[in-house]
Amino acid sequence: MSKTINRTVAEQLVFRLKEAGTEIVFGLPGGENVEVMEALRLAGIRFVLVRNESSAIYMADVHARLTSKPAVCLTTLGPGATNAYVGLAHADLDRAPVLLITAETNQKVLPDHTHQVLDLQKVFEPVCKFTASLNPENVDGLVVKALREMKQGRVGPVHLSLSREIASQEAIVSNMVSSEVAVSSASKSVSKVAFDSTELDKARHSLKKSKKPLIIVGVGLEVKASSYASLQSFAEAIAAPVIVTPKVKGVVSDKHPLATGTLGLTRTDPVYELIAEADCIVAVGFDVVELVLPWNDTDWNGTEQGAEMIWVSSCENINPVLPVVADLTGDVVELLGELSQVRFSVEEGWGEARASQFRQTTRSAPLPPPQKSRILPQTVLDILRSELPDD
């Protein structure tokens, strides 16, 4: 059953954004998106003006990571929309859940009208999980779907387009979604995939025989306190040094006895020393987009057997598939809780002892003398660490 409501398409779009927790929208206004701008103003959603549309994507991404609120951007059509492409490519590669809303050309003037006309769905499809054009009949469902899609499974950007002529029309809602369902759907960050008990048994077996377990944490770890607490408890339970990738630095305090550093974007990062020594690697929320040195046994430690790897993530091990002995895809907090119950003993000198030794070795490396009237970046970081609080 369909019915019209007392909101325009632009207002219904903004209604769903507000309902999902949107507080700020970043972007550039124009004549083609004034209806959406006005709807944002009436809803009390702050609009932050940027100088370039891709900057809006970067800003929205950071805002969302810091606040857990939806990341939303707004641009005009044509070149204004395509200016956001670099930002969307970043969001796609860095797994950033961003919603881009663009204006689009009125379909009724096509094909004769060609000024700033682009097929935006085809333009953005390669770097978006989902892209669609809004109209009075689909606006309600598509906005909820877009907000849900960008944070479900392997997160990433989504795109919606809306012409000025359609934006001012009255929205038609079919089987109107209740507020509670809409908010729940939009804010849900991962799909609760039931993990495979057989794979869990394989993971337990691998951990039980391990003498040098290691944890590598990636961008796929959900940003919330329970995930961080579960990760730390798991690391302590299996006495495993913890390596993080740049996007999740801080999930375990650098002052924690098991913290060993960051796996960065070079093939010579010091932490590869620990990776080569480990006999079991637990990849928690790891994403192949973070992989620089090929993740295979021979490259890492020069042996045929190498370290076994356990995949623990809310996202599937795909594109490409990493070689693992156990693939645990599901709720990370629950999975880490299950694995924390494994009882075994690590090799003497591993765990906190090896982590401490590694930190001392890497931090005692001599620094080059600074140039005249210059200061080393390492010196700046040391001062910041000593003067600022942990958070």
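So, R95: this arginine is buried, with a relative accessible area of 13%. We're looking at a predicted model, by the way. R95 sits in the loop between α5 (85–93) and β5 (98–104). Its backbone is a bit of a curiosity, too: R95 has a positive phi of about 55° although it is not a glycine.

There's another residue to put beside that one, and that's A239. Here phi is near 50°, again a positive value in a residue other than glycine. A239 is also in a loop, the one between α11 (225–238) and β10 (242–244). Buried or exposed, or something in between? At 23% relative accessibility, A239 counts as partly exposed, because the cut-off for buried is under 20%.

Okay, on to the inside of the protein. In soluble globular proteins, nonpolar side chains tend to be buried together. In this model, the largest nonpolar core has 32 residues. Which of them touch the most other members? That would be L13 and L99. If you click on L99 and leave out residues up to four places away in sequence, you'll find it touching L17, A71, V72, C73, A146, L147, M150, V158 and L160. There's also a second, separate core, with 30 residues, and F234, V242, V244 and L336 are among them.

Let me stay with A71 for a moment, since it came up in the L99 list. A71 is in strand β4 (residues 71–75), and it counts as buried at 1% relative accessibility. Setting aside residues up to four places away in sequence, A71 touches A60, D61, A64, P97, V98, L99 and M150. Take the M150 pairing: in sequence the two residues are 79 apart, while C-alpha to C-alpha A71 and M150 are 9.8 Å apart in space.

Next up is T22, in the loop between α1 (9–19) and β2 (24–27). This threonine is buried, with a relative accessible area of 3%. So what does the side chain of T22 reach? It reaches the backbone oxygen of L17, at 2.8 Å. Not counting neighbours within four places in sequence, T22 is in contact with L17, I45, P70 and V72. You've heard two of those names already, as L17 and V72 are also touched by L99.

Right, pockets. The largest pocket has a volume of about 1,300 Å³. It's lined by 27 residues, and the ones nearest its centre are K249, D254, R363, L381 and R385. Where does the lining come from? The elements giving two or more residues are β11 (259–262), α15 (352–363) and α16 (377–387). Of these, α16 gives the most, with five residues. By class, the lining of this largest pocket has twelve nonpolar, seven polar and eight charged residues.

And then the second largest pocket, with about 750 Å³ of space. How many residues line it? There are 32, and R65, V219, L221, E222 and V223 lie nearest its centre. Helix α3 (residues 53–67) provides the largest share of that lining, four residues. By class, the lining of the second largest pocket divides into 15 nonpolar, six polar and eleven charged residues.

That's my tour. If you have the structure open, have a look at R95 in its loop between α5 and β5, then at α16 along the largest pocket.

Methods: Residues are numbered from 1 along each chain as its sequence is written. This is a predicted model: local features need pLDDT of at least 70, side-chain atom pairs count only at pLDDT 80 or more; totals for chains, interfaces and linings use all residues. Side-chain values use heavy atoms; hydrogens and water are left out. A nonpolar core is a set of buried Ala, Val, Leu, Ile, Met, Phe, Trp, Tyr and Cys residues joined through side-chain atoms within 4.5 Å. Buried means under 20% relative accessible area, exposed over 50%, partly exposed in between (1.4 Å probe, protein chains only). Contact means heavy atoms within 4.5 Å. On a 1 Å grid over the protein atoms alone, a cavity is a set of points where a 1.4 Å probe fits but cannot get out, and a pocket is an open set with protein on both sides within 12 Å along at least five of seven lines; lining residues have an atom within 4 Å of a point. Grid points are joined across faces, edges and corners, and a volume is the space filled by probe spheres set on the points. Ala, Val, Leu, Ile, Met, Phe, Trp, Tyr, Cys and Pro count as nonpolar, Asp, Glu, Lys and Arg as charged, and the others, Gly among them, as polar. A polar contact is a pair of N or O atoms within 3.5 Å; within protein, one must be able to donate a hydrogen and the other to accept it, and residues adjacent in sequence count only if both atoms are side-chain atoms.
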